[in-house]
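Please open the coordinates in a viewer and keep the sequence panel visible. The tour below proceeds by selections, each followed by a description of what is found there.

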Amino acid sequence: MSKETILHMFKMLFIGLFASTFPIFVLANDVVSNDDNNPTETEPATNISASRSSASEEDLSPTQLLRLMQKNYAMTDYGLFFVNITPASIESFRYYHAYEGNLQYAQLVTMDGVQQEILQRGNNISYFSPTFPTFSIKANNIVDNFPSILWGDIKNITKYYDIIPVGFNRIADKVVETLRIIPKDKSRYQLVLFLDTQNKILLRQDTLDHNGYLLAQFRAVNFTPLPDVKKFISAVNNLNLPPFIKVNIQQQNTPFDWKVQWLPAGFQLIKQTVNISNGKNIETQFYSDGIFTFSINVTPSIIPDAPNKSWSRGTLTLYTRTQDNKDFTCIGDIPVATAKRIIESIKSH
């Protein structure tokens, strides 16, 4: 089985768990229009002068800005064209989002290659692709291809990160204010965020390793008001969405017979589950520090004493170690060295 196949298997098994972990943040905010223009800047931030939208926003702390970013992302009606860039690939997407009656409506479509589509109607997320059967899951957000900081729990972020405002820039023909989020240790990545000065929507995120090397970039190409919100919501409401995927995942409250002995500071156990697949248990623990996330997945070993395996692409890492006739796999947005240390710290009872 190839590493790509293993990665896809874990992604599809646990995407529902990941998507439903964090709550939605909502706050009313006016829509801001934007003209279409391709950005050209590649450096973090320059001192472009810009007026803030209100005097009160001048007093917002970096953490308050992040909360406002999350809330406006969830509640603003808009169209967003963006690309995800890694050293190995460039993927482009179109995203429409609307909010009405405490419900989110959204559509995410790939712009290159085989068309794949994800629809959101409230807490129903539906997947459409010619390469696999359509299905739906229960979740709060479309998490695929978006930075996790858009819905992460940031209440304790300053304990483990320094948030530094570094001036203004221009992304997708919008003036943006720039925040650099630097971890206080080397066990995780650092971020550079570019927020629209008027509505605080995230228009770009650079993910860097501790040496400042660019691992991945989320970058808006065009941000516009949604042209006909009522028509879009009506169209989504009138669709016959596919059935919910049947995955035998059970919340696990009793301890597993293995335990993680080391975690980076700030990462906490969010949830643990057991999934029964082909008669075998897949034990999972899901961790987050409010920005980055990873899961530990334990399955019966197919090949005893198999060598350790590691794989990474952009920010995503997969590390597997076989011990006690089980495969212990860490998958998430953390460095390989961190994933390795986590897995090697696990002790069986």
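**First selection: the loop salt bridge**

Select Arg 188 and Asp 289, whose side chains meet in a salt bridge with an N to O distance of 2.9 Å. Arg 188 is in the loop between β8 and β9, while Asp 289 is in the loop between β15 (280-288) and β16, so this pair ties together parts that are 101 residues apart in sequence. Both Arg 188 and Asp 289 are buried. Now add Asp 185 to the selection: salt bridges with shared partners join Asp 185, Arg 188 and Asp 289 into one network. The model on display is a predicted one.

**The whole chain**

Zoom out to a cartoon view before continuing. The protein chain has five helices and 20 strands. Of its 349 residues, 50% are buried. Among contacts between residues at least 6 apart in sequence, 57% join residues at least 24 apart. Ten salt bridges are present in the structure, and two further examples are visited next.

**Two further salt bridges**

Select Asp 196 and Lys 174. These two residues form a salt bridge in which the closest N and O atoms are 3.9 Å apart. Asp 196 belongs to strand β9 (residues 190-196) and Lys 174 to strand β8 (residues 174-183), so the bridge ties together parts that are 22 residues apart in sequence. Asp 196 is buried, with a relative accessible area of 0%. Lys 174 is buried as well, at a relative accessible area of 6%.

Move next to Asp 206 and Arg 204. Their salt bridge has its closest N and O atoms 2.8 Å apart, and both residues are buried. Keep Asp 206 selected and add Gln 217, its bridge partner in β11.

**Strand β11 and its partners**

Display β11 (214-224) together with β10 and β1. β10 and β11 pair in the antiparallel sense over five bridges. On the other pairing to inspect, seven bridges join strand β1 (residues 78-86) to β11, and these strands also run antiparallel. Within that pairing, Gly 79 has Thr 224 of β11 as its bridge partner. How many residues of β11 are buried? Nine of its eleven residues are, which leaves the strand mostly covered.

Follow the chain to the hairpin of β10 and β11, where five residues lie between the strands. Gly 212 in this hairpin takes a positive phi near 85°.

**A buried aspartate without a salt bridge**

Select Asp 209, in the loop between β10 (202-208) and β11. Which side chain of opposite charge is nearest to Asp 209? It is that of Arg 180, 9.7 Å away; Asp 209 is buried yet has no salt bridge. A salt bridge requires a side-chain nitrogen of Lys or Arg within 4 Å of a carboxyl oxygen of Asp or Glu, and therefore the 9.7 Å separation from Arg 180 does not qualify. Show the backbone of Asn 211 as well: its nitrogen lies 2.9 Å from a polar atom of the Asp 209 side chain. Not counting residues up to four places away in sequence, Asp 209 touches Tyr 189, Gln 190 and Leu 215.

**Helix α4**

Select helix α4 (residues 229-237) and colour its buried residues, Phe 232, Ile 233 and Val 236. Turn the view to look down the axis of α4: the buried residues fall within an arc of 95°, so they line one face of the helix. These residues pack against β2 (89-100), β3 (103-110) and β4 (117-121). The face of α4 turned away from the buried side carries the exposed residues Lys 230 and Lys 231.

**Last selection: Val 298**

Finish at Val 298, in strand β16 (residues 293-300). Is Val 298 buried or exposed? Val 298 is buried, with a relative accessible area of 2%. Leaving aside neighbours within four places in sequence, its contacts are Trp 258, Asn 281, Ile 282, Glu 283, Lys 326, Asp 327 and Phe 328. For one of these, Asn 281, draw a distance between C-alpha atoms: Asn 281 and Val 298 are 17 residues apart along the chain, and their C-alpha atoms are separated by 8.2 Å.

Key: Residues are numbered from 1 along each chain as its sequence is written. This is a predicted model: local features need pLDDT of at least 70, side-chain atom pairs count only at pLDDT 80 or more; totals for chains, interfaces and linings use all residues. Side-chain values use heavy atoms; hydrogens and water are left out. Helices (H or I, at least four residues) and strands (E, at least two) are DSSP runs, numbered from the N terminus. Buried means under 20% relative accessible area, exposed over 50%, partly exposed in between (1.4 Å probe, protein chains only). Contact means heavy atoms within 4.5 Å. Lys and Arg count as positive and Asp and Glu as negative; His and the chain ends are not counted. A polar contact is a pair of N or O atoms within 3.5 Å; within protein, one must be able to donate a hydrogen and the other to accept it, and residues adjacent in sequence count only if both atoms are side-chain atoms. The arc is that of the directions from the helix axis to the C-beta atoms. Two strands pair if DSSP finds at least two bridges between them.
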